[in-house]
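Dear colleague,

I am passing on a structure that I would like you to look through when you have time. The sequence and coordinates come first, and my notes come after them.

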Amino acid sequence: MDVRQEGWFSGMREQRSEGPVSGERVQVSTLGEAMVRLSPPAGERLRDSGWLRVHVGGAEANVAVALASVGVSARWTGALPDSVLGRRVADSLSSAGVVLDTVRWTAGERLGLYFAEIGSPPRPTSVLYDRAGTVFGALRADDLDWATVCEARIIHLTGITAALAPGSDELVLRAAREGHEHGALVVYDVNYRSALSSPEAAAAFAAEVAPHVGLLLCRAEDARDLFGLTGEPATLANELANRLAVGRVVVTAGADGAVAHWDGESFAAPALPTVAVDRIGAGDAFAAGVLWGVLDDSPEDALRRGTAMASLAMSVQGDQCRFSAEEVLELARGTGREVRR
């Protein structure tokens, strides 16, 4: 089987970021697993394809890349094997400007893989994971330098990481507690995966981590499946805020856009018309846009930038959203041109 590496986006910065460039506090710090993704060409099935395209993915890594691409300083913390695949991941993230000074490198371990077959209607996209016994699954809370990990304005965490392996929930809970104690805004994306945990377990963990969380991100279907909530997105956001005692909640509802319950006020943004090339990573791009708006203390910008970045992410192949601030803001403001000359 011939495995080919994707070409780099021409606007990427070719630099490595093992630590903060200026020595200043990074704005967003993320924690999670990164993987290598293998995908057949569009229109081909995994079982029939003669070659696979290589991408780097992982929810929190995707968020860090999207933020760094728009100029927001971002750190990704995780565990990587000291191998060609581990270096492949590090090179991908650092080339976008992501800070990697808290990554735990380990010899003799394996990197998680996943296979993504991108569907088009009526055929859905399907994903097959190969992540048992990975280097990140062996990571424990005492392995990390929490003072450095949490030296940020925002700590971004997800329910994916909490459900990955025995002990991963303690890792996320420790990050949320340490981040809160260090004065960071802790953001928790529910990001439920049925292949990793039951709805009851995911809901119970969300409730456990909630006292440390300042902003909750949740899909409408996750609100339904985990918490039994139904209704309009604005209603879901209010009910989640009340149930989990979180002051800020953002609910995404696909084609119906996104809404926010924000310190007692409500905000909304429509989804943007999009011809989707690859939907994987769109939710992570949305999360990055929201965090960018939070840093500017603007819930309106948070939703608009989130929907713009999600739309842009779906327009390209791969998990990562590598677009500049100018490109995102043009789309968010509706000032872009169909053809740039």
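What follows is a description of the whole protein, and then of some individual residues.

Please keep in mind throughout that this is a predicted model. The protein contains 11 helices and 15 strands, and its C-alpha trace spans about 55 × 50 × 40 Å along the principal axes. A compact globule of 341 residues would have a radius of gyration near 20 Å, and because the protein has 19 Å, the two agree. Of the 341 residues, 55% count as buried, and among the contacts with a separation of 6 or more, 72% are between residues 24 or more positions apart. The exposed area comes to about 14700 Å², of which carbon and sulfur atoms supply 49%. As for charge, there are 32 positive and 45 negative charges, and their mean positions lie 5 Å apart.

Among the helices, I looked at α2, which covers residues 84–95. At 1.5 Å a residue, its 12 residues should span 16 Å, and the C-alpha atoms at its ends are indeed 16 Å apart, so the expected and computed spans agree. The buried residues of α2 are G86, R88, V89, A90, S92, L93, S94 and S95, a list in which the arginine R88 appears alongside V89 and L93. Just after this helix, G97 adopts a positive phi of about 105 degrees.

Several loops have backbone features that you may wish to inspect. In the loop between β8 (113–117) and β9 (126–130) sits P122, which is joined to P121 by a cis peptide bond with an omega of about 10 degrees. Two residues other than glycine take a positive phi: D263, where the value is near 50 degrees, and D297, where it is near 60 degrees. D263 belongs to the loop between β14 (258–262) and β15 (265–269), whereas D297 is found in the loop between α9 (282–295) and α10 (299–314). Is D297 buried or exposed? Its relative accessible area is 59%, and because exposed means over 50%, D297 counts as exposed.

The last part of my notes concerns two residues, V316 and L331. V316 lies in the loop between α10 and α11, and at 28% relative accessibility V316 counts as partly exposed. Leaving aside residues up to four places away in sequence, V316 touches V277, D278 and F323. The pair V316 and D278 is 38 residues apart in sequence, yet the C-alpha atoms of the two are 6.3 Å apart in space.

L331, for its part, is placed in helix α11, which comprises residues 325–333, and L331 is partly exposed, with a relative accessible area of 31%. With the same neighbours in sequence left out, that is, those up to four places away, L331 touches L272, A308, S311 and L312. The C-alpha atoms of L331 and P299, which are 32 residues apart along the chain, are separated by 17 Å.

With kind regards

Notes
Residues are numbered from 1 along each chain as its sequence is written. This is a predicted model: local features need pLDDT of at least 70, side-chain atom pairs count only at pLDDT 80 or more; totals for chains, interfaces and linings use all residues. Side-chain values use heavy atoms; hydrogens and water are left out. Helices (H or I, at least four residues) and strands (E, at least two) are DSSP runs, numbered from the N terminus. The radius of gyration is taken over C-alpha atoms; the globule rule is 2.2 Å times the number of residues to the power 0.38. Buried means under 20% relative accessible area, exposed over 50%, partly exposed in between (1.4 Å probe, protein chains only). Contact means heavy atoms within 4.5 Å. Accessible areas come from the Shrake-Rupley method with a 1.4 Å probe; for residues, only the protein chains shown count as cover. Lys and Arg count as positive and Asp and Glu as negative; His and the chain ends are not counted. The place of a charge is taken as NZ of Lys, CZ of Arg, CG of Asp or CD of Glu. The expected span of a helix is 1.5 Å times one less than its number of residues.
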